[in-house]
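Welcome! Take a look at the chain below, and then work through the exercises at your own pace.

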Amino acid sequence: MSPLFTSSGSLLTLLAGLGLAGAALSAQAQPSAPKAPMDVARPVPMPLLQPWDGPHGGVPPFDQVKVADFKPALEAGMVENLAEIALIANNPAAPTFDNTIAEMERSGRTLDRVQTVYGIWGTSLNNAAMAAVQAEMEPKMAAFSDQITQNTALFKRIEAVYNSMAAQKLTPEQQRLTEVRYKAFVRAGAKLDAPAKARLSAINQELAGLFNKFSQNVLADEADQTLVLKTEQDLSGLPTSLRDGAKAAADSRKVAAAGVITNTRSSIDPFLTYSDQRPLRENAWRMFTNRGDNGGAHDNNALITQILQLRAERAKLLGYKTHAHLRLDNTMAKTPEAAMELMEQVWKPAVARVHEEVADMLALAKKEGSPADFKIEPWDYNYYAEKVRKERYDLDQNEVKQYLQLDKMREGMFWMAGELFNFSFVPVSDVPVFHPDVRVWQVNDKTTGKQVGLWYFDPYARPGKKSGAWMNAYRRQQRLDGQPVTTIVSNNSNFVKGKAGEPVLISWTDATTLFHEFGHALHGLSSNVTYGGLSGTSVVRDYVEFPSQVLENWLATPEVLNRFALHYQTGKPIPQALVDRIDKASTFNEGYATTEFLASALIDMKLHLAGDQKIDPDKFERETLAQLGMPSELVMRHRTPQFNHVFSSDGYSAGYYSYLWSVVLAADAFSAFTEAGGAYDKQVGERLRQHVFTVGNTIDPAAGYRAFRGRDPKIDALMKQRGFPMAGAAATSAAPAAAENPAKTTKVKTKVKASGKRK
Ligand SMILES: [Zn+2]
């Protein structure tokens with residue numbers, strides 16, 4: 001027995017304490033000694049390893065966390081989990097759903113709890129000590145999961161259960177879980193022979209190195225290159241906040257200049273929007289769009305060729321035609337062809353809208369006295385678009401903000417959740433938090449009064465917290481062993497904390513993001529399943545953003561605005577005329593936004609459909625865009641040599657289309673409400689809750705959507721939302737024709753990032 005377990009007696013004592021020493025564990029199976037993957041000498045830090053206790057069915061012990069404990073706790077969690085897996089894999093009893101698939105669900109709980117808290121510290125309380133723990137532990141955890149997926153004895157048992165599902169009379173949810181697990185193992189190479197497995201591992205390791213190099217190269221070009229603004233005139237057009245930022249950047253770099261523009265999107269985009277100096281705009285644009293494409297040590301082109309070839313080889317090894325086919329296998333779209341079809345339907349109207357936007361901008365430029373042959377170049381688009389926006393919509397973001405108080409918006413979300421999900425929210429102060437700014441609410445069913453979970457809210461920016469907004473699932477709903485386990489979720493954002501007693505005012509975009517992240521939280525809180533591995537947000541990549549995207553729509557409902565969008569001084573609700581202006585401006589510049597997104601998504605898919613041909617990325621990008629008819633006035637949102645979504649991990653490779661897929665579903669779903677009794681139609685709301693929010697991954701998402709909507713999704717609502725005309729009158733289905741095969745998913749830790757509009 002590993003010395004790890006001395007403080008709790010033995011492995012079996014520990015397992016018993018976790019409720020894990022069930023029949024399958026205590027029967028004939030002798031616990032084989034777990035292979036400790038690393039040396040652990042120090043005593044076990046028990047708070048992180050203990051089951052969560054306290055009120056609300058137990059809560060994370062945030063008041064007892066020490067960064068120094070993470071490493072030994074993670075190591076102990078991994079050792080324990082490997083021991084649990086060994087018991088399952090080496091069980092002499094014939095494989096059954098209960099002694100194999102369900103037992104896997106029961107395993108790894110200690111590690112899961114430790115990883116949850118470790119993840120929170122990594123994203124929300126990071127510092128040098130934490131970063132050092134992460135640098136050491138991340139590769140170890142990756143190797144650990146390979147150890148499980150390459151466990152042949154375990155896979156043989158999973159396969160046996162999968163092949164006898166009918167004979168075993170499993171429930172539909174049990175069949176789904178078995179299929180999800182089986183296919184995840186197969187996709188990870190479990191069926192390959194030993195040499196092929198070895199080759200697969202080698203490919204994975206080589207890819208991991210190339211991914212890291214790719215992102216380091218992009219980072220280097222972002223860090224090393226700047227645009228120096230030499231004189232006051234170089235700052236012309238920039239609002240005060242940008243001038244101050246440029247000056248501060250110059251000072252911090254010790255550059256004697258009027259200002260410095262750094263090579264990141266958050267710095268370049270505003271400069272392109274406001275700078276009056278056209279040659280400087282061009283320089284800024286070229287610097288930014290050529291990241292990773294400048295030749296020399298940080299050029300990514302050769303890496304991309306290698307990555308694509310390795311991915312193509314791996315896909316073939318695993319029995320797929322291309323990497324795109326492998327990646328799409330575990331999605332709602334199911335095939336690259338279905339994803340391509342959707343993108344192609346939106347492409348032409350988006351490009352047509354770009355031509356209209358360009359015509360509007362040219363007209364304005366002429367009015368301002370530009371020469372007759374003036375042409376909008378990519379470095380002019382944001383600049384003239386902003387001028388058109390002001391002229392046409394007269395929308396001042398600062399005026400809108402005065403009606404959007406953070407606390408009132410939160411109350412608005414609670415009210416909406418009461419109407420749509422029958423939830424009530426009660427603040428609690430009896431649970432530990434990881435920072436004094438974090439507040440916690442108990443979520444109850446309004447009718448029965450029964451608790452459905454806890455919602456943690458961490459609203460403010462601080463050093464060590466990553467930027468953006470996200471939802472995190474701390475504990476997933478399940479009732480595997482009779483006793484119901486309730487959900488614990490959090491929403492996290494980066495608002496600037498105001499002075500004590502003063503309301504925090506947020507932008508319309510930020511309020512939309514709040515509702516978006518709350519949609520992910522409601523997806524977790526609504527979950528009503530037996531197996532935690534299928535609960536809440538544990539759904540496929542191109543479906544997970546759907547519940548959150550659809551919830552964004554409730555912000556703009558009069559019911560929310562009239563009650564909660566109240567002026568911070570007068571307390572008066574936002575005037576309808578202002579709401580109308582927001583609404584009118586909402587389709588503005590959608591040609592640009594959709595086309596720059598789609599160009600990236602199409603190139604991503606086509607690169608990964610090309611198979612094992614040796615690709616020159618620059619040439620491929622140039623020729624493909626020419627074939628597509630890419631307008632000359634803009635570029636891809638992420639050009640190939642800097643496309644981190646696709647080349648700094650497998651993450652969104654052949655998957656950048658997912659954002660569009662989810663948004664089609666969201667627009668189509670909301671139109672179900674507007675076609676019926678409006679946003680608060682009880683029947684439509686109940687169908688959405690029942691077939692989308694409560695089911696997690698227990699059913700095929702396409703089937704769930706159909707049960708909610710009464711048909712497959714159509715793209716019409718999205719086209720309308722973006723102000724695009726439909727090609728032809730006939731509605732077109734966005735869903736693949738062959739949607740009957742249950743979609744598959746892998747066991748992933750839910751950590752849903754904010755998407756907002758910016759991707
Ligand atoms: Zn999201």
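**Exercise 1: Helix H27**

Task: compare the expected span of H27 with the distance between its ends.

Solution. The expected span is 1.5 Å times one less than the number of residues in a helix. H27 has 18 residues, so at 1.5 Å a residue its span should be 26 Å, and this agrees with end C-alpha atoms that are 26 Å apart. Helices here are DSSP runs (H or I, at least four residues), as strands are (E, at least two), both numbered from the N terminus.

Before going on, note that this is a predicted model, where local features need pLDDT of at least 70 and side-chain atom pairs count only at pLDDT 80 or more, while totals for chains, interfaces and linings use all residues. Residues are numbered from 1 along each chain as its sequence is written.

Next step: how many residues of H27 are buried? A residue is buried if 20 or more other C-beta atoms, placed from the backbone, lie within 10 Å of its own, exposed if 12 or fewer, and partly exposed in between. By that rule 14 of the 18 residues of H27 are buried, and the helix is mostly covered.

**Exercise 2: One face of H8**

Task: find which residues of H8 are buried.

Solution. Start with the helix itself: H8 covers residues 152-163, twelve in number, and reaches 16 Å from its first C-alpha to its last, close to the 16 Å expected. Its buried residues are Leu154, Phe155, Arg157, Ile158, Val161 and Tyr162. Seen down the axis of H8, these fall within an arc of 160° and so line one face of the helix; the arc is that of the directions from the helix axis to the C-beta atoms. On the other side, Thr152, Ala153 and Asn163 are exposed.

Last step: the buried residues of H8 pack against H4 (67-89), H5 (97-106) and H9 (172-187). Contact means that the C-beta atoms of two residues, placed from the backbone, lie within 7 Å.

**Exercise 3: H29 and the loop before it**

Task: decide whether Thr698 is buried or exposed, then look along H29.

Solution. Thr698 sits in the loop between H28 and H29. It counts as buried because it has 25 C-beta neighbours inside 10 Å. Leaving out residues up to four places away in sequence, Thr698 touches Glu173, Arg176, Val529 and Leu534. From Thr698 to Leu177 is 7.3 Å, C-alpha to C-alpha, although 521 residues separate them in sequence.

Now move on to H29 (residues 701-709), where Pro701, Ala702, Gly704, Tyr705, Phe708 and Arg709 are buried. Viewed down the axis of H29, they lie within an arc of 160°, so they line one face of the helix. Their cover includes H27 (658-675) and H28 (682-693). Just after H29, Gly710 has a positive phi of about 80°.

**Exercise 4: A helix pair**

Task: work out how H10 and H14 are oriented to each other.

Solution. Two packed helices are described by the angle between their axes and the distance between the axes. For H10 (residues 194-224) and H14 (residues 301-317), the angle is about 155° and the axes are 10 Å apart. Axes are lines fitted to C-alpha atoms, for helices over the stretch in contact, with angles from 0 to 180 degrees between N-to-C directions. Angles under 35 degrees count as roughly parallel, over 145 as roughly antiparallel, 65 to 115 as roughly perpendicular and the rest as oblique. H10 and H14 are therefore roughly antiparallel.
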